[in-house]
Amino acid sequence: MKMDLTQWITESRNPASATIDTLSTLDMLRIINQEDQKVALAVEKTLPEVALAVDAISTAFQSGGRLIYIGAGTSGRLGILDASECPPTYGSSPDLVVGLIAGGHPAILKAVENAEDNASLGQTDLQALNLTSKDVVVGIAASGRTPYVLGGMRYAKTVGASVVAIACNPNSSMEQIADIAITPIVGPEVVTGSSRMKAGTAQKLILNMLTSGAMIRCGKVFGNLMVDVEATNAKLIKRQTQIVIAATGCNEEEADKALHACQRHCKTAILMILADLDAKQASQLLAVHRGFLRPALQASLS
C-alpha cells in the first residue's frame with residue numbers, strides 16, 4: 001500500500017523534543033508532561049462531536065443495540081480496555097460494549113504482523129458479532145487510515161449501523177466514512193510517530209466520555225454515584241455500601257441490611273430506603289421506570 005507518512009500530523013517531528021535525547025531525565029520528563037497538557041485542550045474542541053456520539057450510543061443501548069469498538073494496536077487495546085471496564089462499573093452485560101482488535105486476542109498482548117493491513121478482516125470480525133442496524137461501531141485509529149478499521153466501518157455502513165470515527169489526523173479516510181467524526185488534533189508526538197503517547201491519551205479520554213456519558217444517559221448513575229456497580233470483589237462490596245450511604249444518608253448497618261434484602265443491587269437498596277419500600281416493591285417500581293432511579297423515586301413520593 002502506497003502511503004506518505006510525512007503528510008500526517010501524528011507522524012511529523014516535534015520541535016519541542018528535537019534534542020530530548022541530550023537532556024537530563026527531569027527535563028526530558030518535563031517536555032513529555034508539557035506535551036501531554038495539550039491533549040485535554042485538543043479533546044475539548046471535539047466535545048460537540050463527542051456529545052453526538054454519546055447520544056447515538058445511549059439511544060442504541062435503549063433500543064437493544066450495542067457499542068462496538070474496532071481498532072488495531074494501541075487503539076484496539078484501548079477499546080478493549082474501555083469495554084472490559086463497563087460490566088463491573090455499570091452492571092452492564094459483557095455483550096453491550098465490545099472491543100475488537102486486528103489479530104484477535106493474541107494481539108492484545110503482542111503485535112500480530114500485518115493484521116491491521118487486512119481490510120476484509122475488519123468486516124469478518126463484525127460479521128462474527130452479527131452486527132445490526134441497532135448497533136454503533138466506533139473506529140479508532142490515530143492515523144485515520146488503518147485498513148482493518150476502514151474495512152469494518154465500511155461494512156457497518158452497509159448494514160445501517162451508526163458509525164463513529166476517532167482519529168488524530170484531519171480529513172482522514174475514516175472521517176470521510178463516519179456519520180460522526182471525532183478528530184482531536186494533538187500535534188506531533190514527543191517521540192516521532194509513537195502514537196501510543198498523545199494520540200493514545202486523547203483516544204482514552206474520548207472513550208471514557210463515550211461509555212460514561214452513555215451510561216449516565218441510560219440511568220446507571222444517580223447524582224455522581226455508579227448505582228449499578230456489581231460487587232465482584234471485597235472493594236466493590238464496600239463501595240456498594242458507601243454508595244447507598246452517600247445516596248440516602250443512612251448508616252452502614254441500614255445500608256447493608258437493604259443491600260442484603262435485594263441481592264446487593266444498589267439502585268434497589270437506595271429506593272427501598274428513600275421511599276420506605278420493601279425489596280420487591282422497589283424492584284417493581286424500578287422496572288416500571290426502565291431502571292431510572294430518579295423518576296422511580298419521584299413516582300414513589302407523589
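## A pair of oblique helices

Let's start with two helices that meet at a slant: helix 2 and helix 8 are oblique to each other, oblique being the class left over once angles under 35 degrees count as roughly parallel, over 145 as roughly antiparallel and 65 to 115 as roughly perpendicular. Their axes come within 8 Å and cross at roughly 45°, and the crossing is right-handed. Here axes are lines fitted to C-alpha atoms, for helices over the stretch in contact, with angles running from 0 to 180 degrees between N-to-C directions. A crossing is right-handed if the near helix is turned clockwise from the far one by less than a right angle, and left-handed if anticlockwise.

Helix 2 covers residues 47-62, while helix 8 takes in residues 198-217. With 20 residues, helix 8 reaches 28 Å from its first C-alpha to its last, close to the 28 Å expected at 1.5 Å a residue; the expected span is 1.5 Å times one less than the number of residues. Buried residues of helix 8 include Lys198, Gln203, Ile206, Leu207, Leu210 and Met215. After helix 8 comes Gly219, with a positive phi near 85°.

## The model as a whole

This is a predicted model, in which local features need pLDDT of at least 70 and side-chain atom pairs count only at pLDDT 80 or more, while totals for chains, interfaces and linings use all residues. Residues are numbered from 1 along each chain as its sequence is written, and side-chain values use heavy atoms, with hydrogens and water left out.

The protein has 13 helices and five strands; helices (H or I, at least four residues) and strands (E, at least two) are DSSP runs, numbered from the N terminus. Its C-alpha atoms fill a box of roughly 65 × 50 × 35 Å along the principal axes. Of its 302 residues, 48% count as buried (buried is under 20% relative accessible area, exposed over 50% and partly exposed in between, with a 1.4 Å probe and protein chains only).

## The parallel strands

Strand 1 (residues 67-71) is mostly covered, with five of its five residues buried. Leu67, Tyr69 and Gly71 point one way, and Ile68 and Ile70 the other. Strand 1 pairs in parallel with strand 2 (residues 97-101) over five bridges, a pair needing at least two DSSP bridges. In this pairing, Tyr69 stands opposite Gly99. Five bridges also join strand 1 to strand 3, again running parallel, and here Ile70 has Gly139 as its bridge partner.

Strand 3 (residues 136-140) is in turn joined to strand 4 by five bridges, in parallel. Val138 partners Val164 of strand 4, and Val164 also stands opposite Ile180 in strand 5. Strand 4 is largely enclosed by the rest of the structure, because four of its five residues are buried.

Two right-handed β-α-β units can be picked out: strand 1, helix 3 (residues 73-90) and strand 2 make one, and strand 3, helix 6 (residues 147-158) and strand 4 make another. Right-handed here means that, with the strands pointing away from the viewer, the path from the first strand over the helix to the second runs clockwise.

## Two arginines with positive phi

Most residues other than glycine have a negative phi. Arg264 has a positive phi of about 55°, and it sits in the loop between helix 10 and helix 11. Arg264 is partly exposed, at 26% relative accessible area.

Arg290 also has a positive phi of about 55°. Arg290 lies in the loop between helix 12 and helix 13, and with 58% relative accessibility Arg290 counts as exposed.
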